[in-house]
Amino acid sequence: MNRFFLATLVACLSTSTQVNAFTPEQAMSVLYEKLRGTLGFSGESKKNWLSLSMVGSLVDSSDLSQVNDLANFCPDTQPVIQSFQRARKIDLIYEKLLNSLTGPLRPEPQDVKDAQDRLRTRTSPPAETPEYSVWKSYQKSYSTKFGDLFTSKTPAERAQKQNELLQIDKDWKVLGYKSYIAEAFNVINANDIKYGAIKQENRRDVLSYYRLSGLAPSDTPGAFKAPASEVSPTVDKWDDVAGWSKFLYTSKSTSTDFNQSTSNARGFGGLNLGFITIVGGGGSGSGSTSKVTNVDQFDYSFELKRVTIRRPWLDTEVFFEPAGWTWRKSPNTAQFPYVSAYVDSNGKPAAPTEVVYDNKPIDCAMLPLELVIARNRSLTTTTTKQTYDETVSTGSVSGGGGFFGIFGGHGGKDWSSIKISETGNDVTFKIDAPGIAVIGIISEVIPVLPEPNLHDTWPDNAWINKK
């Protein structure tokens with residue numbers, strides 16, 4: 001089966017003699033800003049970032065494996081997504097970090113050693129202390145009775161189980177060393193080394209498990225599959241009534257809505273945008289083409305919903321504790337690399353300049369938190385007859401195509417067009433895409449990473465960038 005890859009969009013905005021024509025930059029910038037408002041972004045947010053698709057639907061809701069792949073996608077620091085297939089994979093970056101970082105030195109203090117002595121003897125081999133053994137027996141009894149309480153079927157039975165649970169707790173406090181052992185665990189946990197060898201091994205084990213767990217019983221495990229993530233609501237619930245917001249926009253207000261400085265600040269300035277991107281099939285030789293024209297008007301109508309991404313295989317502390325770790329020195333890396341760089345005054349995340357550690361790319365300036373899905377997508381637009389003909393023919397090209405940002409794309413020809421009127425060289429037509437598709441991603445901006453604390457004590461192999 002041929003696989004289709006979207007080449008980089010290459011286009012130059014054409015000059016139009018029509019007074020009311022809108023360029024692709026204006027159209028996408030205004031749509032982007034209106035979507036930000038609908039999705040609840042306020043002001044110049046420096047914590048979250050919206051990435052809107054420029055290549056049509058990123059994923060079709062019927063393709064569960066592609067939804068899982070998208071949860072493992074690290075977007076570029078741009079307002080629009082121009083490619084998905086050749087993406088940086090979060091799990092590969094995360095794995096490289098786990099195998100390459102080192103934490104500060106944390107010598108084991110005396111209070112930790114004293115706490116450990118409450119739990120185990122210093123014999124060879126070590127054994128549980130009598131106090132810890134008694135504590136564990138009470139914990140087991142308490143847990144069993146707690147479960148019985150929730151399976152009770154009558155009020156009288158529940159009352160009886162509650163009394164029994166209270167009695168076990170009282171005995172545990174008096175006879176079971178409850179406070180004595182709990183204090184020991186508190187001290188040990190408070191001094192736990194987050195980036196020590198044990199923690200790192202635990203993180204790697206969890207990642208390996210979710211890579212092999214699969215999405216369904218019929219899945220074949222594989223080293224190159226994205227680790228199993230979760231979305232909420234689940235894909236089979238995306239079409240439920242709850243959670244949808246109506247989005248309506250008409251370009252008749254674009255002359256007042258469009259702001260050139262805002263557009264540039266978001267990153268639209270300098271982007272190669274086109275209204276139509278025709279995607280050829282792999283191996284067919286037809287390649288990809290960006291068709292750019294001006295349009296006289298565009299009216300969008302669709303429904304939006306936010307879908308939460310949950311990655312049980314990812315410990316996000318690694319990405320959001322910049323002072324907690326640093327790289328180990330690498331003979332193959334001359335310049336100190338960064339996973340993420342900074343956020344500018346407009347809230348736009350910047351891509352780092354040095355992004356390779358030990359011959360592997362490690363940059364990921366944003367961590368996607370939510371997918372933006374849309375249904376009942378509809379567009380009415382007036383443009384040239386040539387653009388209309390190219391739009392209609394796009395769906396017949398092997399691999400499908402993306403046009404007007406959020407239409408077409410990965411799902412193939414999941415759209416239909418109706419000509420409304422034709423006057424001279426101008427055609428007004430309507431495009432409908434009734435299916436559910438992912439059209440954007442909401443990410444949390446990762447702080448400058450890593451930024452090792454210069455006041456900490458680090459091992460000899462720690463790479464401390466003093467700038």
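**Close-ups of salt bridges, a disulfide and strand pairs**

Arg306 is partly exposed, with 34% relative accessible area. Everything shown in these panels comes from a predicted model.

**Panel A. Glu370 and Arg306 meet in a salt bridge.** Here's what Arg306 is up to: its side chain meets that of Glu370, with N and O 2.7 Å apart. The two residues sit in distant parts of the chain, Glu370 in strand 17 (residues 366-384) and Arg306 in strand 11 (residues 297-310), 64 residues apart. Glu370 comes out at 15% relative accessible area, which means it counts as buried, since that label applies under 20%. Arg306, at 34%, is partly exposed.

**Panel B. Strand 11 pairs with strand 17 in the antiparallel sense.** The two strands that carry the salt bridge of panel A are also joined by eleven bridges. For a handy spot to get your bearings, look for Ser301, which stands opposite Ser378 in strand 17.

**Panel C. Strand 11 also pairs with strand 8 and strand 7.** Strand 8 (residues 245-250) runs antiparallel to strand 11, and six bridges join them. Ser301 turns up again here, this time with Leu248 standing opposite. Strand 7 (residues 230-232) pairs with strand 11 as well, again in the antiparallel sense, over three bridges. In that pairing, Glu230 has Arg310 of strand 11 as its bridge partner.

**Panel D. Cys74 and Cys364 form a disulfide.** The structure holds one disulfide, and this is it. The sulfur atoms are 2.2 Å apart, and the link is right-handed, with 120° about the S-S bond. Cys74 lies in strand 3 (residues 73-74) and Cys364 in the loop between strand 16 and strand 17, so the pair ties together parts that are 290 residues apart in sequence. As a reminder, a disulfide is a covalent bond between the sulfur atoms of two cysteines. Don't look for this pair on the outside: Cys74 is buried at 2% relative accessible area, and Cys364 is buried at 0%.

**Panel E. Asp358 and Lys96 meet in a salt bridge.** The side chains come together with N and O 3.1 Å apart. Asp358 lies in the loop between strand 15 (356-357) and strand 16 (360-361), while Lys96 belongs to helix 3 (residues 90-100), so the contact ties together parts that are 262 residues apart in sequence. The two ends fall into separate accessibility classes: Asp358 is partly exposed at 26%, whereas Lys96 is buried at 15%.

**Panel F. Asp117 forms a salt bridge with Arg122.** The closest N and O atoms of this pair are 2.8 Å apart. Asp117 is partly exposed, with a relative accessible area of 32%. Arg122 reaches 56%, and because the cut-off for exposed is over 50%, Arg122 gets that label.

**Panel G. Glu33, Arg36 and Arg266 are linked in a network of salt bridges.** How many salt bridges does the count come to? The count is 26, and the pairs in panels A, E and F are salt bridges too. In this last view, the thing to pick out is the set of three residues in the network: Glu33, together with Arg36 and Arg266.

Note on methods. Residues numbered from 1 in each chain as written. Predicted model: local features only at pLDDT ≥ 70, side-chain atom pairs only at ≥ 80, totals over all residues. Heavy atoms only, no water. Salt bridge = Lys/Arg side-chain N within 4 Å of Asp/Glu carboxyl O. Helix = DSSP H or I, 4+ residues; strand = E, 2+ residues; numbered from the N terminus. Buried < 20%, exposed > 50% of the residue type's maximum accessible area, 1.4 Å probe, protein only. Disulfide = S-S within 2.5 Å. Pairing = 2+ DSSP bridges.
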